[in-house]
Amino acid sequence: MPKYPQVRRDIAFVVASQVSVKELESALREAGAPYLREAVLFDQYLGKNIPAGKRSLAFSLAYQKNDGTFTEDEIQNLQTKLGEVLKRRFQVEFR
C-alpha cells in the first residue's frame, strides 16, 4: 500500500490518425517522469467535428510521489508540461 495518494487527471486532444497510441503513451511517460505512474487510453472518437485524418483521444493519468502529497500547483505544472510536449512532438489540439 503506497504511503502517499495518487492524483488522477485526464488529458484529451485531437491528433493525426497515424500517430500511434504507443508513441503518445511513451511521450507522456517520458515527460511525466518520475511522477507519472499510469497513462491509460480510455476514449477514442472519430466522426462529426473531428477533421479527416485525425482522431480524438483521451488518457487517464495517475501521478504519485514517494515523498509527499502533490499540491494543486504541482499537478497543474505537470499537466502543462505534458501538454507542451504533446503539442511540440505531435501537434495535438486540446479539447
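**Exercise 1. The surroundings of β1**

Determine whether β1 in this predicted model is largely enclosed or open, and identify the strands with which β1 pairs.

*Solution.* Step 1: count the buried residues. Seven of the 10 residues of β1 are buried, so the strand is largely enclosed by the rest of the structure.

Step 2: examine the pairing with β3. β1 and β3 are joined by 10 bridges in the antiparallel sense. In this pairing, Val15 lies opposite Arg55 of β3.

Step 3: examine the pairing with β4. This strand, residues 93–94, is antiparallel to β1 and is connected to β1 by two bridges. Here Phe13 has Phe94 of β4 as its bridge partner.

**Exercise 2. The two sides of α1**

State which residues of α1 are buried, how they are arranged around the axis, and what they pack against.

*Solution.* Step 1: consider the helix as a whole. α1 has 12 residues, and the distance from its first C-alpha to its last is 16 Å, close to the 16 Å expected at 1.5 Å a residue.

Step 2: list the buried positions. In α1 these are Leu24, Ala27, Leu28, Ala31 and Gly32. Because they cover an arc of only 120° around the axis, they lie on the same side of α1. A general rule is relevant here: an α-helix has 3.6 residues a turn, so residues three or four places apart point the same way.

Step 3: turn to the other side of α1, where Lys22 and Glu30 are exposed.

Step 4: find the packing partners. The buried residues of α1 pack against β1, β2, β3 and α2.

**Exercise 3. The nonpolar core**

Describe the largest nonpolar core: how many residues does it have, and which elements give two or more residues to it?

*Solution.* Step 1: establish the number of residues. The largest nonpolar core has 24 residues, and those with the most contacts inside it are Phe13, Leu24 and Leu61.

Step 2: assign the core to elements. Two or more residues come from each of β1 (7–16), α1 (21–32), β2 (36–45), β3 (54–63) and α2 (72–90). The largest share, six residues, is that of α2.

Step 3: follow one core residue. Neighbours within four places in sequence aside, Leu24 is in contact with Phe13, Val15, Val19, Leu57, Phe59, Leu86 and Phe90.

Step 4: relate this to a general tendency. In soluble globular proteins, nonpolar side chains tend to be buried together.

**Exercise 4. The setting of Leu46**

Decide whether Leu46 is buried or exposed, and name its contacts beyond four places in sequence.

*Solution.* Step 1: locate the residue. Leu46 belongs to the loop between β2 and β3.

Step 2: apply the cut-off. A residue is exposed when its relative accessible area is over 50%. Leu46 has 53% relative accessibility and therefore counts as exposed.

Step 3: list the contacts. With neighbours within four places in sequence left aside, Leu46 is in contact with Lys54 and Arg55.

Step 4: compare sequence and space. Leu46 and Leu82 are separated by 36 residues in sequence, and their C-alpha atoms are 23 Å apart.

**Exercise 5. The chain as a whole**

Give the order of the elements along the chain and the share of its residues that count as buried.

*Solution.* Step 1: count the elements. The protein chain has two helices and four strands, in the order β-α-β-β-α-β from the N terminus.

Step 2: consider burial. Of the 95 residues, 40% count as buried.

Step 3: consider the contacts. Among those with a separation of 6 or more, 70% are between residues 24 or more positions apart.

Terms used: Residues are numbered from 1 along each chain as its sequence is written. This is a predicted model: local features need pLDDT of at least 70, side-chain atom pairs count only at pLDDT 80 or more; totals for chains, interfaces and linings use all residues. Side-chain values use heavy atoms; hydrogens and water are left out. A nonpolar core is a set of buried Ala, Val, Leu, Ile, Met, Phe, Trp, Tyr and Cys residues joined through side-chain atoms within 4.5 Å. Buried means under 20% relative accessible area, exposed over 50%, partly exposed in between (1.4 Å probe, protein chains only). Contact means heavy atoms within 4.5 Å. Two strands pair if DSSP finds at least two bridges between them. The expected span of a helix is 1.5 Å times one less than its number of residues. The arc is that of the directions from the helix axis to the C-beta atoms.
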